[in-house]
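Hi everyone, thanks for coming. I'd like to walk you through one structure today, so please have the viewer open.

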Amino acid sequence: MTRALPDNLLHERRAIRTLTLPGLIRLITEIDDNGPISHRRGSLQGAFGDLTPGQLRHAIDTARALHLLHSDETTPDRYRLTESGEALAEVYDTAARWARARHIPAATVVFVTRVQHTLQLHSGDPHPSGSTPDPSAPRNALTDWLQSNPRAMYHADARSSQESAEGGRAA
């Protein structure tokens with residue numbers, strides 16, 4: 001007989017699952033690294049040519065729902081990060097630096113995979129090798145971000161129709 005997880009842990013795991021969607025990681029870090037995306041024709045797909053239109057739309061919709069992204073048709077910048085989006089980009093950077101320094105999950109993996117793996121360690125999911133290294137810096141950064149952004153804890157993304165499309169590699 002398995003015991004049910006407490007609601008707060010379920011909400012946290014669901015939030016982590018949402019925050020580790022490859023398209024969302026790509027969207028947030030692309031804008032953080034290279035600035036807002038303009039209205040120029042093709043600039044959006046040009047920046048994310050490795051994402052399917054479904055992955056990109058799902059990432060944008062999720063970022064809007066979590067208030068990570070401003071989108072405005074009347075300004076030159078079509079998409080730009082909110083303060084929460086900028087803070088999440090820092091969480092992603094912290095997770096990637098921590099994982100890179102420890103060669104987790106492997107010595108050579110892409111940024112998105114490092115971020116996903118490291119943040120998922122925080123959710124209590126078992127590490128593939130059986131051990132669970134303590135990602136203290138990423139854990140603290142993520143915990144602080146989640147406390148500052150409670151909307152993410154209750155975002156109903158768990159089994160959207162787009163999730164299977166989003167599950168593919170994005171970088």
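**A walk through the model**

Let me begin with long-range contacts: 63% of the contacts in the protein with a separation of 6 or more are between residues 24 or more positions apart. Please keep in mind that this is a predicted model. The mean pLDDT of the protein is 81, and 78% of its residues reach 70 or more. One stretch needs a warning, namely residues 157-171, where pLDDT stays under 50. The model does have 33 contacts beyond four places in sequence for that stretch. Still, where pLDDT is low, the predicted coordinates should not be read in detail.

Now the overall layout. We have eight helices and three strands, and along the sequence they follow the pattern α-α-β-α-α-β-β-α-α-α-α. There are 171 residues, of which 42% count as buried. On the outside, the protein exposes about 9100 Å², with carbon and sulfur atoms supplying 50% of that area.

Let's go inside. Which residues have the most contacts inside the largest nonpolar core? They are Leu 19 and Tyr 92, in a core of 37 residues. Helices H1, H2, H4, H5, H6 and H7 each supply at least two residues of this core, and so does strand S3. The biggest giver is H5, with six residues. As background, nonpolar side chains in soluble globular proteins tend to be buried together.

If you click on Leu 19, you can see who surrounds it. Not counting residues up to four places away in sequence, Leu 19 touches Leu 24, Ile 25, Leu 66, Leu 88, Tyr 92, Leu 142, Trp 145 and Leu 146.

Next, a helix pair. Two packed helices are described by the angle between their axes and the distance between the axes. For H2 and H5, the axes come within 9 Å and cross at roughly 105°. That angle falls in the 65 to 115 degree range, so H2 and H5 are roughly perpendicular to each other. On the H2 side, the contact is made by Leu 24, Ile 25, Ile 28, Thr 29 and Asp 32. H5 brings Gly 85, Leu 88, Ala 89, Tyr 92 and Asp 93.

Here is one for the group: is Arg 114, in helix H6, buried or exposed? Arg 114 counts as buried because its relative accessibility is 5%, and the cut-off for buried is under 20%. Setting aside neighbours within four places in sequence, the contacts of Arg 114 include Ala 96, Ala 99, Arg 100, His 103, Ile 104 and Pro 105. Asp 93 sits 21 residues from Arg 114 in sequence, and their C-alpha atoms are 9.7 Å apart.

Two of those contacts deserve a second look for backbone geometry. Ile 104 and Pro 105 are joined by a cis peptide bond, with omega about 0°. Pro 105 belongs to the loop between H5 and H6, and His 103 is found in the loop between H5 and H6 too. The phi of His 103 is near 55°, a positive value in a residue other than glycine.

His 67 also has a positive phi, near 60°. His 67 lies in the loop between H4 and strand S2, and at 42% relative accessibility it counts as partly exposed.

Last stop: Ile 37, in strand S1. Ile 37 is buried, with a relative accessible area of 6%. Ile 37 and Asp 77 are 40 residues apart in sequence, yet 5.7 Å apart in space, C-alpha to C-alpha.

Thanks, everyone!

Methods. Residues are numbered from 1 along each chain as its sequence is written. This is a predicted model: local features need pLDDT of at least 70, side-chain atom pairs count only at pLDDT 80 or more; totals for chains, interfaces and linings use all residues. Side-chain values use heavy atoms; hydrogens and water are left out. Helices (H or I, at least four residues) and strands (E, at least two) are DSSP runs, numbered from the N terminus. Buried means under 20% relative accessible area, exposed over 50%, partly exposed in between (1.4 Å probe, protein chains only). Contact means heavy atoms within 4.5 Å. Accessible areas come from the Shrake-Rupley method with a 1.4 Å probe; for residues, only the protein chains shown count as cover. A nonpolar core is a set of buried Ala, Val, Leu, Ile, Met, Phe, Trp, Tyr and Cys residues joined through side-chain atoms within 4.5 Å. pLDDT is the predictor's confidence in each residue, from 0 to 100. Axes are lines fitted to C-alpha atoms, for helices over the stretch in contact, and angles run from 0 to 180 degrees between N-to-C directions. Angles under 35 degrees count as roughly parallel, over 145 as roughly antiparallel, 65 to 115 as roughly perpendicular and the rest as oblique.
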